[in-house]
Amino acid sequence: MEAKLAQQVKQGKTPRINRKKGYKQPWMLHFMVLPAAILVFIFSYIPMSGVIMAFQDYKPALGIANSPWVGLKHFQYMWENDYFIQITLNTLFFACSKMVMNLIIPFFFALLLNEVRKMALKRTIQTLVYLPHFLSWVTLSGILIDILAQTGLINQFLSSTFGIKPIFFLGDGNWFRFTVIFSDVWKEFGFNTIIFLAALSGINPSLYEAAEVDGAGRWKQTMYITIPSLIPIAIVVATLALGNVLNANFDQVFNLYSPLIYQQGDIIDTFVYREGLLSGQFSFATAVNLFKSVISLVLIVISYRLAYRFAGYRIF
Amino acid sequence: MYHKTLSYRTFSVINNVFLTVVSILCLLPMYHLLMVSLSSTAPANAGLVTFWPIGFTFEAYTKTFNNVNFLTSLWVSVQRTVIGTGLALVVNTIAAYALSKESRVFRARNIYLWYFVITMLFSGGLIPGYILILKLGLMNSLMALILPGLVAVFNIILLLNFFRTVPKDLEEAAFIDGAGQFRTFFSIYLPISLPVIATVSLFIMVGHWNAYFDGIIYIRDSDKLPLATFMQTIIVQADMSKLDPSAVANLSQRTIRASQIFISALPILLVYPFLQRYFVTGIVVGAVKE
C-alpha cells in the first residue's frame, strides 16, 4: 500500500485513496458470518426439526416423512415409567449437589487464595488447581477406577491408617453418588475459582485503605468489604447454574457408572443414550430428550432474566 | 497494619500450607499414575506402588508404542485436533468480528446473534443429530467429528466481547487509510486479540483432544477411532466388566493402562502451562463485564 502510494507520488500522479472503504462494506460483514451461519443451520437447526420424531413411531427405513404419527404416546409412557421418575430424581440430585458445592467451595477457595501475598506461590497454586479441568473424564475415570479400586490407593490408605474395610466406591450406589459429586468438585473447583478471583481483583483498593485507617483488621475487612463485593457475582453464578438443573454431566457418569448402580447412578442423558442408540428406540429417546430440553430452555430463560434483573448480567 | 499482627501471620502460614496441600492433591492422582506406569508389572498389580516407582522400567511405554491401534488412534487425534482447531478458529473469529460491529453499522447483527444463541439454548438432541450424520453420509469419517461442533457459539461470544473492547479509533483509522473489513480484521483486530484467541484455541484444542463420545457413535473402523474413544473403549469399558469383585484379581495390564492414560493426557499437560497465562485474562475479559 505505502510502496504503491510512494510510487504514485513519484510519478506525479495524485494518489487515489478509496477513503472509508470499510464503512462501505457492510455486505462484507454478512459474508464473514456466512460460513458459521450455514454450519449452524445444518448441524443445529436441522436436528432441531428432527424432534418431531418424538411424536412418531420412527422407523429408519421410512424416515421422518413416512413414519406413523402416535401423538403423545411416548410422553405418556415416560410418565407412567417408574424408572424414568427415578432417573429424573437422580439427575436433579446430582445436578443440585454439584451446583451448591461448585458455588461454595470456589467462593471460599478464592477468598483464601486472595490472602496469599507471595505472587509466585499464588500463581503456582492457581496453575495446579485449574489443571484437572482440562483433563477429560475418560482420563480421569481411568485414574479414578484405578485409585478407587478395592486394592487401589485410597482403600489402601484408609485401611492402613484407619483400619476401614475396603469401600466399593464405584460399585455401591450410595458411595457412587458420593464419588460422582466429590470427583466433580475436585475437577472443577479450581476453574470455577477464576470468576471469583476476577471479581476480587476488581475491588477498589481504597476501600481497604479506608478500613485500615479506621482500624479494621483483615477479618473485618473480609466480612465487610470482600464478601459483600463477591455476593453479586455469586448470585450470577448461582442463577445461571439454574439452567443446568437437568444436566448432571453425561461424560462423568457415563465413564464411571456400571449396570451395578443404575438405580442410584443413571441420569437422563445416559438413559437416552442406552434407550436410543443401543436399544434403537429412536422415538422414545427423542421424546425424553425433548422433555429435558424444553424444561432446560424454560429454566435458562428464567435464570438469564433473573441474572439480568439482579446483577445486570448480559451475555452479549 | 494487619499484615504485621501475629494472628494474621499465623493465619497466613497455615493458609499457605493448606492451599499448597490442596493444589498438590489436584496433581497427585496424575503423578501416582505416572509412577505406576514406570514400575514393573508385579508390584504395580499387587498395589505396592504409591509415590515412587518400584522396579523402574519403561516396559509399559515400549509396549504402548508398539501397539499399532494405539498409534493409529493417536494419529487420528492429532489430525482431528489440528484440522478441527484451525478450521474453527477461522470460522469463529471472522464471524465474531462481524458480530462485534454495532447494529447501526451491521443492521442484521442482532438477528444473527439470536440465530446463534438459540442453538445454545435448545438442541434436537442425540438421536436427530445421529440421523443427520447418517443421512449426510459422514458416518465413519473424520469430518463427522469436526463439522458438527465447528461453530462454538460460546467462543464466538467470548471473542466478540473482546473485539468490542478494541478502541473504535483504530478501526476508523484503518478504514480511512482504505482498509476493507478483512484487512482491518487481520491487521488490527487479530494482533491485539492474542490473549482471547489463545484462550479460545486452548478450549477448542482441549475439546477435540478429549472428545470421545462422537467417536463412539460415528466411527466404526478401529483405524479411524480418535485416541480418546480408543481409551474409552479399551480402558473404561473394559474395566467396568471387571468391577465384579471376583474378577478384580484379573488386572494384569495395570502398568500398560497407566502408561496409555498418561500419554493420552500428555499433550494437554504440555500445552496447558504455556496457554494458561493467557486464558485467565482471556476468560475474565470475556466473562466479566462492568
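Begin by selecting A:Ser136, A:Val138 and A:Thr139, together with B:Trp209, B:Asn210, B:Leu227, B:Ala228, B:Met231, B:Ile235, B:Ile261 and B:Ser264; these residues line the second largest cavity of this predicted model. The space inside that cavity is about 90 Å³. A search of the whole structure finds five cavities of 30 Å³ or more.

Next, colour the selected residues by chemical character. Which kinds of residue, nonpolar, polar or charged, make up the lining? Seven are nonpolar, four are polar and none is charged.

Now display the helices behind this lining. In chain A, select α7 (137-148); in chain B, select α11 (194-210), α13 (227-240) and α14 (254-287). Each of these helices supplies at least two lining residues. Which helix gives the most to the lining? It is α13(B), with four residues.

Turn then to chain A and its record. Select residues 88-303, where an unreviewed UniProt entry places the feature "domain: ABC transmembrane type-1". This span is 79% helix and 0% strand, and its end C-alpha atoms lie 20 Å apart.

The unreviewed UniProt entry also annotates "transmembrane region" at residues 27-46, 83-113, 134-154, 189-211, 223-246 and 282-307 of chain A. Two of these stretches may be selected in turn. Residues 83-113 of chain A are 100% helix and 0% strand, and the C-alpha atoms at the ends of the span are 44 Å apart. Residues 189-211 of chain A are 87% helix and 0% strand, with 30 Å between the end C-alpha atoms.

Note on methods
Residues numbered from 1 in each chain as written. Chains lettered and ligands numbered in written order. Predicted model: local features only at pLDDT ≥ 70, side-chain atom pairs only at ≥ 80, totals over all residues. Heavy atoms only, no water. 1 Å grid on protein atoms, 1.4 Å probe; cavity = no way out; pocket = protein on both sides within 12 Å on 5 of 7 lines; lining within 4 Å. Points joined across faces, edges and corners; volume = space filled by probe spheres on them. Nonpolar A, V, L, I, M, F, W, Y, C, P; charged D, E, K, R; others polar. UniProt positions renumbered as here; feature names shortened; annotations may be inferred.
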